[in-house]
Amino acid sequence: MDALKGKYLEGIAGAADEAALEDLRLAALGKKGEISLKMRELGGMDPVLRQSTGAALNVLKDEIDAALRAKKAALGDAALDERLRSEWLDVTLPGRPRRQGTIHPVSQVMAELTAIFADMGFAVAEGPQVESDWYNFDALNIPPEHPARQEHDTFFMNRAEGDSRPPHVLRTHTSPVQIRAMTEQGAPIRVIAPGRVYRMDMDQTHTPMFHQVEGLAIDRDISMANLKWVLEEFCRAFFEVPSVELRFRASHFPFTEPSAEVDIRCSWEGGQLKIGEGDGWLEILGSGMVHPKVLAAAGVDPTEWQGFAFGMGIDRIAMLKYGIPDLRAFFESDLRWLRHYGFAALDMPDLAGGLSR
Ligand code: 2NL
């Protein structure tokens with residue numbers, strides 16, 4: 001009995017895993033296990049021996065049972081410990097940085113020029129992209145039969161039959177935003193209106209949606225001289241050159257009188273554009289003194305107030321500033337523009353292979 005006890009308790013103590021434990025349990029306590037067989041032999045013993053042997057067997061059975069349970073629990077703890085060790089994870093480690101996109105060049109340029117004009121006291125005005133034709137044309141001294149209406153390549157909104165509202169268009173410039181600002185605020189006023197504009201035009205230098213910024217300054221004695229200073233100051237800051245030179249050429253717009261187109265001095269050598277030097281001129285914007293009829297349409301008395309207005313394309317000046325040769329670069333998914341801005345996705349090996357050129 002002691003030999004049996006020693007054999008099993010030692011075996012259990014040394015068992016490497018649960019399978020070995022189960023083998024030991026079957027060998028001792030299973031149907032055909034050693035202890036079970038001995039229990040069965042009790043029936044043929046004389047009563048005195050049977051009682052003492054039976055009691056001892058029961059004690060041994062309970063001891064083995066208890067040892068099996070304890071070892072099983074210990075093995076379970078060890079297995080869990082091992083799993084915890086091998087699957088250890090430092091949840092306090094900082095995350096891997098995720099690649100981020102960057103602001104779009106046009107948005108960036110819009111933010112830049114907004115800041116420059118803000119320094120000169122211009123507030124930003126916003127307005128609807130779907131405009132009534134009154135705000136987009138009539139208020140700007142472009143009556144229905146005016147040739148400028150055709151030149152604007154306007155997108156007209158579809159109208160349901162019986163719709164009695166005035167005709168609406170996708171704004172062809174942001175001037176209507178300034179008409180609304182003048183109407184609501186009156187004079188004096190200093191605003192810029194950056195935003196999307198739409199013209200039905202699509203070729204190597206035109207897209208049907210593009211961006212424009214217009215500016216407006218109305219007070220009692222604003223003159224072309226103020227216009228000249230504001231535009232020079234803007235160009236100096238925007239193109240980041242100390243000396244800019246602007247050239248004002250007489251022009252015509254229905255909404256300004258007199259009107260001027262403005263060129264900036266530049267050189268164009270070896271495909272490299274430099275602003276502020278050389279003997280070339282590049283047209284960058286249109287401007288003039290706001291036409292008295294336009295002031296009147298916006299509820300501002302032209303006998304009391306006067307001022308200048310200007311308008312320029314944002315996409316183009318963005319390309320000028322950041323050295324993108326022309327719109328084709330855009331259409332042909334030339335990514336130099338975005339790369340210039342450190343557009344992070346372009347540096348990811350899996351993307352760059354398919355995208356870059
Ligand atoms: C161009 C010319 C211009 C304006 C826009 C304007 C706005 C109001 C009144 C009078 Cl509310 N004028 N805007 C004036 C002159 C020129 O834009 O070539 N833009 C790209």
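**Contacts and burial in a predicted model**

Q: What makes the approach of G311 to the ligand a polar contact?
A: A backbone N or O atom of G311 lies 3.2 Å from a nitrogen atom of the ligand. The cut-off for a pair of N or O atoms is 3.5 Å, so this pair counts as a polar contact. Keep in mind that this is a predicted model.

Q: How do you know that E214 makes a polar contact with the ligand too?
A: Run the test again. A polar side-chain atom of E214 is 2.8 Å from a nitrogen atom of the ligand. That is within 3.5 Å, so the pair qualifies.

Q: How much of the ligand does the protein bury?
A: On its own, the ligand exposes 480 Å². The protein buries 87% of that area.

Q: Which elements give two or more residues to the shell around the ligand?
A: There is one helix in the list, helix 8 (175–185). The others are strand 5 (209–219), strand 9 (280–290) and strand 10 (306–313).

Q: Which residues come nearest to the ligand?
A: The shell holds 18 residues. E214, F255, G286, A309 and G311 come nearest. By class, the shell has 10 nonpolar, 7 polar and 1 charged residues.

Q: Why is D263 called buried?
A: D263 has 2% relative accessibility. Buried means under 20%, so D263 counts as buried. The residue sits in strand 7 (residues 256–269).

Q: What makes the pairing of D263 with R249 a polar contact?
A: The side chains of D263 and R249 make this contact at 2.8 Å. The limit is 3.5 Å, so the distance fits. Leaving aside neighbours within four places in sequence, D263 is also in contact with other residues, among them E245, W281 and I284.

Q: Why is P176 called buried?
A: P176 has 0% relative accessibility. The cut-off is under 20%, so P176 is buried. P176 belongs to helix 8. Not counting residues up to four places away in sequence, P176 touches E131, Y135, N136, L140 and R171.

Q: Why is E277 called partly exposed?
A: Its relative accessible area is 39%. Buried ends at 20% and exposed starts over 50%, so E277 falls in between. E277 lies in the loop between strand 8 (272–275) and strand 9.

Q: Which residues does E277 touch, not counting residues up to four places away in sequence?
A: They are R265, C266 and S267. Take R265: it lies 12 residues from E277 along the chain, and the two C-alpha atoms are separated by 6.0 Å.

Q: How many helices and strands does the protein have, and how many residues?
A: There are 14 helices and 10 strands. The protein has 357 residues, and 40% of them count as buried.

Q: What share of the contacts with a separation of 6 or more comes from residues 24 or more positions apart?
A: Those residues account for 62%.

Q: What supplies the area that the protein exposes?
A: The protein exposes about 20,600 Å². Carbon and sulfur atoms supply 54% of it.

Q: What pLDDT does the protein average?
A: The average is 88, and 89% of the residues score at least 70. Over residues 349–357 the pLDDT is below 50. In the model, this stretch has 9 contacts beyond near neighbours in sequence.

How values were computed. Residues numbered from 1 in each chain as written. Predicted model: local features only at pLDDT ≥ 70, side-chain atom pairs only at ≥ 80, totals over all residues. Heavy atoms only, no water. Near = heavy atom within 4 Å. Polar contact = N/O pair within 3.5 Å; in protein donor to acceptor, adjacent residues only side chain to side chain. Areas by Shrake-Rupley, 256 points an atom, 1.4 Å probe, with all protein chains shown as cover. Helix = DSSP H or I, 4+ residues; strand = E, 2+ residues; numbered from the N terminus. Nonpolar A, V, L, I, M, F, W, Y, C, P; charged D, E, K, R; others polar. Buried < 20%, exposed > 50% of the residue type's maximum accessible area, 1.4 Å probe, protein only. Contact = heavy atoms within 4.5 Å. pLDDT = per-residue confidence, 0-100.
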